[in-house]
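Work through the following exercises with the sequence and the model side by side, attempting each task before reading its solution.

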Amino acid sequence: MSRHLDELQRDDVIDHYQWFDQDGVPDFTIWFTDGTVTQLEVKNVRSGSGPLRAETQKTRASRGDSMSRYYRVDHFEIIAACLFNTTGKWDYAFARSEDLFRLPGNPDYLATMQPIDPAIVHPWYRTLAEVHDSDR
């Protein structure tokens, strides 16, 4: 994703970004050239046969908190689903967290699996700029 963001920076889509490689915080903070700032989480699509989908749960849970593997809807604004596992290319599909499916019984959290139509249709977008502009 950092290479993709470097390219967007060269193309003046984003001003700059910061990469966080640590648990508990979104992967990237991105500053767009229009002055807005957003939090981005990157996930891989599931490999193998079956429907295209991104897994939106954390790798580990903390002891004593059964909800800690799930992402709160407000943990990040945009998700980037890396399509490499199905396409062999470093392409992404982007969506706003508020548009994703919620955990049954607790709408403050995202469902574990998020389906992605291979045609990349709403709530998914082909570019970070498109999903960013969809909120305006």
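**Exercise 1. Determine how strand S5 is paired with S6 and with S3, and which residues are bridge partners of Cys82.**

Solution. Begin with S5 and strand S6 (residues 92-96), which run antiparallel and are joined by five bridges; strands here are DSSP runs of E with at least two residues, helices are runs of H or I with at least four, both numbered from the N terminus, and two strands pair if DSSP finds at least two bridges between them. Within S6, Tyr92 is the bridge partner of Cys82. Next, turn to strand S3 (residues 37-44), which runs parallel to S5 and is joined to it by five bridges; here Cys82 is the bridge partner of Asn44.

The model is predicted, so local features need pLDDT of at least 70 and side-chain atom pairs count only at pLDDT 80 or more, whereas totals for chains, interfaces and linings use all residues. Residues are numbered from 1 along each chain as its sequence is written, and side-chain values use heavy atoms, with hydrogens and water left out.

**Exercise 2. Decide whether the two faces of S5 are covered or open.**

Solution. In a regular strand, side chains alternate between the two faces of the sheet. On one side of S5 lie Ile78, Ala80 and Cys82, on the other Ile79 and Ala81, and all are buried, that is, under 20% relative accessible area with a 1.4 Å probe and protein chains only (exposed is over 50%, partly exposed in between). Because five of the five residues of S5 (residues 78-82) are buried, the strand is largely enclosed by the rest of the structure.

**Exercise 3. Identify which residues touch the most other members of the largest nonpolar core, and describe the contacts of Met1.**

Solution. A nonpolar core is a set of buried Ala, Val, Leu, Ile, Met, Phe, Trp, Tyr and Cys residues joined through side-chain atoms within 4.5 Å. Of the 17 residues in the largest one, Met1, Leu5, Ile14, Ile30, Phe94 and Leu128 touch the most other members. Leaving aside neighbours within four places in sequence, Met1 is in contact (heavy atoms within 4.5 Å) with Phe28, Leu40, Val42, Ala80, Tyr92 and Phe94. A second, separate core of 16 residues includes Val73, Phe76, Leu110 and Ile120.

**Exercise 4. Compare Asp12 and Ile120: is each one buried or exposed?**

Solution. Asp12 has a positive phi of about 60° although it is not a glycine, and Ile120 likewise has a positive phi, near 55°. Asp12, however, counts as exposed at 57% relative accessibility, whereas Ile120 is buried, with a relative accessible area of 11%.
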